[in-house]
Amino acid sequence: MQHRLNPLRQKTSPVTRSLAKVFAILTILGIVFYFVEKIKLPSPQKEIKKDVTETIIRIK
């Protein structure tokens, strides 16, 4: 009598395993985006207004 190579059946189906992986990836991405949004990046306090018409005329 030969022994079977895999006598124990897998308890989870491949669909369940792939859905768990997708859920884990989406959860990790959600956490990353949440923390990136919380980081305060420096932004300019006032708008820079500079007349560039003279520069454009010189380039032509």
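A search of the whole structure, which is a predicted model, turns up one aromatic pair. Its partners are Tyr 34 and Phe 35, whose ring centres lie 5.3 Å apart. Their planes meet at 75°. Two values describe such a pair: the distance of the centres and the angle of the planes. Planes over 60 degrees apart count as edge-to-face, so this pair is edge-to-face.

How open are these aromatic residues? The table lists Tyr 34, Phe 35 and Phe 33.

| Residue | Relative accessible area | Class |
|---|---|---|
| Tyr 34 | 46% | partly exposed |
| Phe 35 | 52% | exposed |
| Phe 33 | 58% | exposed |

The cut-off for exposed is over 50%. Phe 35 passes with 52%. Tyr 34, at 46%, is therefore partly exposed.

Phe 33 belongs to helix α1. It also joins Val 22, Ile 25, Leu 26 and Leu 29 in a nonpolar patch on the surface. Together these residues offer about 510 Å² of accessible area.

Now the helix itself. Helix α1 covers residues 14-38, which makes 25 residues. At 1.5 Å a residue, it should span 36 Å. Its end C-alpha atoms are 37 Å apart, which agrees. How many of its residues are buried? The number is zero, so α1 lies largely in the open.

The whole chain has two helices and zero strands. Of its 60 residues, 0% are buried. Its accessible surface comes to about 7200 Å². Carbon and sulfur atoms account for 64% of that surface.

How values were computed: Residues are numbered from 1 along each chain as its sequence is written. This is a predicted model: local features need pLDDT of at least 70, side-chain atom pairs count only at pLDDT 80 or more; totals for chains, interfaces and linings use all residues. Side-chain values use heavy atoms; hydrogens and water are left out. Helices (H or I, at least four residues) and strands (E, at least two) are DSSP runs, numbered from the N terminus. The expected span of a helix is 1.5 Å times one less than its number of residues. Buried means under 20% relative accessible area, exposed over 50%, partly exposed in between (1.4 Å probe, protein chains only). Rings of Phe, Tyr and Trp (its six-membered ring) pair if their centres lie within 6.5 Å; planes under 30 degrees apart count as stacked, over 60 as edge-to-face and the rest as tilted. Accessible areas come from the Shrake-Rupley method with a 1.4 Å probe; for residues, only the protein chains shown count as cover. Patches are made of residues with over 30% relative accessible area and no salt bridge: like charges are joined within 9 Å, nonpolar side chains (Val, Leu, Ile, Met, Phe, Trp, Tyr) within 5 Å. A salt bridge is a side-chain nitrogen of Lys or Arg within 4 Å of a carboxyl oxygen of Asp or Glu.
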